Amino acid sequence: MGEKLLKSDVEKIEKEIEYRKNEGRNAILADLKEARAQGDLSENFEYHAAKRERGKNEGRIRYLENMLRNATIIEDSSAEDEIGIDDTFTIYIEEDDECETYRLTTSIRSDTLKDRISIESPLGKAVMKKKVGDRVYIRVDENYGYYAVIKSIDKTTTSDNDEIMRY
């Protein structure tokens, strides 16, 4: 079983594949032609850099196509008063005596540095479909977990220009 993706994730991946196959390949091909025209290829840095870039581009295309082949398409079935995918929520962590705010995303768009957590993470699994006021137990591993209380849920979606993944 592969990644769990929303339809919007699939669309973004398909757009990236299309871009890389058309514009990306054409730009790299132009760079290769220009570098070849400079003569001796054995010591031609531009030629080797363009070849390396072509390999990275083709690898990325294969990676994304494989991801789509193995993906499971999911939908957000959360109610209006429950935490769902792409919702921002605030929780009160009891043992730390502080509140934290996160956005729940699919795993390919998660980024803890931007407070976007995956539906596959311990916190994501614990809060999915929970309501304001619910007390949840977040199991980190078999020996440790902690309690948190859902303080707020924001279902307003902002323009989603999130990168699909980090390259």
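# Strands, salt bridges and a negative patch

Let's start with the strands. Strand S3, residues 88-93, and strand S4, residues 98-105, run antiparallel and are joined by six bridges. Please keep in mind that this is a predicted model.

Take that pair in more detail. In the S3 and S4 pairing, Tyr92 sits opposite Cys99 of S4. The two strands make a hairpin, and four residues lie between them. Look at the turn. Asp97 is there, and its phi is positive, at about 55°.

Now the other partner of S3. Which strand pairs with S3 over six bridges, in the antiparallel sense? That is strand S7, residues 144-154. Two facing pairs help you find the register. Thr88 stands opposite Asp154 in S7. Thr90 stands opposite Ser152, again in S7. One general point for reading the side chains here. In a regular strand, side chains alternate between the two faces of the sheet.

Stay with S7. Strand S6, residues 135-141, pairs with S7, antiparallel, over six bridges. S6 and S7 also form a hairpin, with two residues between them. So S7 has pairings with S3 and with S6, because DSSP finds at least two bridges in a strand pair.

Asp141 is worth a stop. Asp141 belongs to strand S6. Across from Asp141 stands Tyr144 in S7. Is Asp141 buried or partly exposed? Asp141 counts as partly exposed, because its relative accessibility is 39%. For a sense of distance, pick Glu75. Asp141 and Glu75 are 66 residues apart along the chain, and their C-alpha atoms are separated by 27 Å.

Next topic: salt bridges. How many does the structure hold? Eleven. I'll show three.

Number one on my list is Asp9 with Arg109. The closest N and O atoms of this salt bridge are 2.9 Å apart. The pair ties together distant parts of the chain, 100 residues apart. Asp9 is in helix H1, and Arg109 is in the loop between S4 and strand S5, residues 116-118. Both Asp9 and Arg109 are buried.

Next on the list, Glu16 with Arg20. Here the closest N and O atoms of the salt bridge are 2.9 Å apart. This one stays inside a helix. Glu16 and Arg20 both lie in helix H1, four residues apart, which is about one turn of the helix. What about cover? Glu16 is buried, because its relative accessible area is 18%. Arg20 counts as buried because its relative accessibility is 18%. The cut-off for buried is under 20%.

Last on the list, Glu65 with Lys21. The closest N and O atoms of this salt bridge are 2.7 Å apart. The pair links distant parts of the chain, 44 residues apart, with Glu65 in helix H2 and Lys21 in helix H1. Glu65 counts as partly exposed, because its relative accessibility is 26%. Lys21 is partly exposed too, because its relative accessible area is 31%.

There is also a network. Asp9, Asp86, Arg103 and Arg109 are joined into one network by salt bridges that share partners. Asp9 and Arg109 we have met already, as the buried pair.

Now to the surface. Which residues gather in a patch of negative charge there? They are Asp31, Glu34, Glu46 and Glu53. Two elements each give two or more residues to that patch: helix H1, residues 7-36, and helix H2, residues 45-70.

Let's single out Glu46. Glu46 lies in helix H2. Why does Glu46 count as partly exposed? Because its relative accessible area is 44%. That value fits the patch, because patch members need over 30% relative accessible area and Glu46 has 44%.

One residue to set beside Glu46: Arg36. Arg36 is found in helix H1. Arg36 counts as partly exposed, because its relative accessibility is 41%. Arg36 and Glu46 are ten residues apart in sequence, and C-alpha to C-alpha they are 8.7 Å apart in space.

To wrap up. S3 pairs antiparallel with S4 and with S7, and S6 pairs antiparallel with S7. Eleven salt bridges are present, among them the Asp9 and Arg109 pair. And the negative patch draws two or more residues from each of helix H1 and helix H2.

Note on methods. Residues numbered from 1 in each chain as written. Predicted model: local features only at pLDDT ≥ 70, side-chain atom pairs only at ≥ 80, totals over all residues. Heavy atoms only, no water. Patch = residues over 30% accessible without salt bridge, like charges linked within 9 Å, V, L, I, M, F, W, Y side chains within 5 Å. Areas by Shrake-Rupley, 256 points an atom, 1.4 Å probe, with all protein chains shown as cover. Salt bridge = Lys/Arg side-chain N within 4 Å of Asp/Glu carboxyl O. Lys, Arg positive; Asp, Glu negative; His and termini not counted. Charge placed at Lys NZ, Arg CZ, Asp CG, Glu CD. Buried < 20%, exposed > 50% of the residue type's maximum accessible area, 1.4 Å probe, protein only.
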